[in-house]
Amino acid sequence: QSPSSLSTKEEDPYVTVLACWTNQEEAESESSNEEEDTGVGPAPTVSEQSVDKNPGSHPVTPRVTFNQSEPLIPARPAPPPPNKKTKPVKQRTPRAATIRVSRKKGGSGGSAPQSAVVRASWLDVWKGFRYSVLWVTLDGQLMSLRKKRSDQFSEVLFHVSSITNVKPQDKGRFSVYFRKKRYDFMAHSNEVQEGWVASLLATRGLQSPAPSELHGQLTIKDARSRTYAAVWGHDLWIYTNKETFQLGIASFSVPLNLATVKPIGKHSFALLTPYKTFNLSVDSSKDLSLWLESLTSTIHSAVSCSQVALRLWENPYNKVCGDCGAANPEWASVNLLLVICDSCAVQHRVLDSNLSKVRSLRMDNKAWTEPLIQLFVTYGNWLANQVWAPAVPAVEQLHPESTEEQRSTFIQNKYSRGRYRRIHALASSRFMMNQRLYQVVVTDNVEETMSLICSGAKVSSSDPQRHSPILLAEKANQALQIELLRLNEYTEVPPHQPQSANRKLDSTPSDQEDEELHGKLEEDRFFFSLENESAACDVLDLREVLSVFLKDGPAHQFELVTLNDHLICDADNREALQTHLVHILKVILPGGVSYAEVGGASAVSKVCIVDVGGTSNQSDAWVLLWEDGVSIHPIKRHSQQVLNFDLSMLSHQEIGLCEDIITLVTAERSITLRFEEHQCCETWFKHLQKALVNQDSACNRPPGANQSPACLGLHSVIDAGIKGSVSPAIERCISHIMTYGESVQSD
């Protein structure tokens, strides 16, 4: 597989794994790959018997080998001749910013843990001529580089014993050497750089891990990528090739205590994890037997648990804590269908007992009825987090290594305050929710029952003349519904409040000072730096964006809204504004949205849509406001259709700020849009009102006033009555040209 630029989006970032950073020796300068030995041993590697003796020959595919009695550590490279001249380190410079960004100081939130040998921050990274911005963490032994904080798999991973030298440079730069390879890093400040250099130097002399028990070549079938793999402890490490294995530089590791392995073909097997399934193949039946035997043994040795835990872990989502992601959790909140670890169980016990009922997977055997086990195996953590935490900002996510204070704050926010909760579409009316619960419990729709209960619907009936939901479920013979209802008969969840109210306790003061940053876009990330052409100080995952709004006024500005940040982006001209808008919207919107639709919208927001005229079912969608119309694009396009209607079709529109909802009424239907953020709702409605006023003004404007010949031609098409017979995409093109003229071209 040939290398490709980091700016090119990979089909599978967990499989291709930094293809652009591999096999680059021929293309890189000699100074990028050579380094004198400094006395620190490299990571354990293959034994000398398995290393190719003829470096000039084509590499021979190594056989799978088990550990022998001799250590798998090659001899250190000889030091360079005394008179050898070392080429000066070439200075690296980040790409220039393309737009100005303003936000409240500290708006992104979240400080990473720092200590003598523990560190985490965004760093600009170079490997040879390849450049990217990565989230880099050091836990005292392992250093990992990820594209996003929330990524489960790294781009680069190595044990610190593989490092042969660390050299500080000027202007926040430092270099890390691995015998023949070098990575160059740049921090956004000298203080951050000094912290990294000090932490890396503090790990010098750390003992290498025990030799690998099994290593050899594997093929990742999904990407048709030939890789090298090794079992280290309870993890399967994936390397780009045999050489990176010898250097100790892996791409990522798969924790085997979270995995299940099974054969799927003559020479193939699948490694299933809560995050991804890896389909792997080997060269022979003998190699397959060796890998299956070793992986199965490692998995069994990593997992010691009860039969209840084993059954619950059949659902991959249940193999990690539903709150922090720790491996092999052995506790559960049975009424919330949530499997949790020891540390999170302690915090759940602090919650009201009517909110979370904690039970052990090992000791509370009587609590685990067959219907309850089936609920966890079928739904479990997946459903619990679909309701309580469908979208948590990366900087607020809990991790296995989080402190007790961080764990307490997160769990209180998640359950006691419902900060991240996705409420049911009928949450604004307790009566309507209770009525809906009576309808749902006689079906097998456990997901909606869970959503209703966690939004405040009452299981216990206050009407003595009416059957309770439990009795209705019993008559309908719905065993899973009965179990879920009994567990939640007296559950008390936090009352529904607008999302903005949920965040008031954590919001920054309104008079907090703004900070001016420089921004640049790359794929699905937005980099921020303190100065132009300086290292990134923060990175926004564009998929966390909730709304995009064009700003009024002569300046070329637009606003980005996330759960915990508001950013004003200021471009130099209209063309630059459109370029950035189109890039962002193409990332966040569902596939299939046309360029004309992306480029012509003035207000775009993620919403929960409820078609009141039809059903109470809720679905996620993106709503786009145009100069003369509205389009609603469901995220699950295969099951729902795109809605388009002109503003002239609206007979009524209203905003409910207390619920963060907007209702649009046409002759055919009434649609309610629930926004995830208060300001998004208010700003979108203001844009709608302005569009309606502009449409009324346009109707009273003389034909052809202040319009280009192209727009006049389009008006003549519309006035001729053809508009109703063309597709919505053509109408969007017409609207786009009439709004922005002909200067902006499609890419």
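**A hairpin, a lysine and some lone cysteines**

Start by selecting β16 and β17: together they make a hairpin, with 4 residues between them. (Strands, E with at least two residues, and helices, H or I with at least four residues, are DSSP runs numbered from the N terminus.) What you have open is a predicted model, where local features need pLDDT of at least 70, side-chain atom pairs count only at pLDDT 80 or more, and totals for chains, interfaces and linings use all residues. Residues are numbered from 1 along each chain as its sequence is written, and side-chain values use heavy atoms, with hydrogens and water left out.

Stay on the hairpin. Strand β16 covers residues 268–272 and pairs with β17 in the antiparallel sense over 5 bridges; two strands pair if DSSP finds at least two bridges between them. Pick F269 and look across to L280 in β17, which it stands opposite.

Now add strand β10, residues 214–220. It pairs with β17 (residues 277–281), antiparallel again, over 2 bridges. Click on T219 and you'll find S281 of β17 opposite.

Next stop: K262, in strand β15 (residues 260–263). Leaving out residues up to four places away in sequence, K262 touches F269, A270 and L272, where a contact means heavy atoms within 4.5 Å. Is K262 buried or exposed? Neither, quite: K262 is partly exposed, at 43% relative accessible area. (Buried is under 20%, exposed over 50%, and partly exposed in between, with a 1.4 Å probe and protein chains only.) Draw a C-alpha to C-alpha distance from K262 to L295 and you get 9.8 Å, for two residues 33 apart in sequence.

Time for the cysteines. How many disulfides does the structure hold? The count is 0, a disulfide being a pair of cysteine sulfur atoms within 2.5 Å. Select C341 to see why there's no bond there: its closest cysteine sulfur, in C324, is 3.6 Å away, too far for one. C341 is buried, at 9% relative accessibility. C681 is in no disulfide either, and the nearest cysteine sulfur, that of C680, is 8.7 Å off. C681 is buried too, at 0%.

Finally, zoom out. The protein has 19 helices and 33 strands, and buried residues make up 52% of its 747 residues. Of the contacts with a separation of 6 or more, 61% join residues 24 or more positions apart. Switch on the surface to finish: the protein exposes about 33,600 Å², 50% of it supplied by carbon and sulfur atoms (Shrake-Rupley method, 1.4 Å probe; for residues, only the protein chains shown count as cover).
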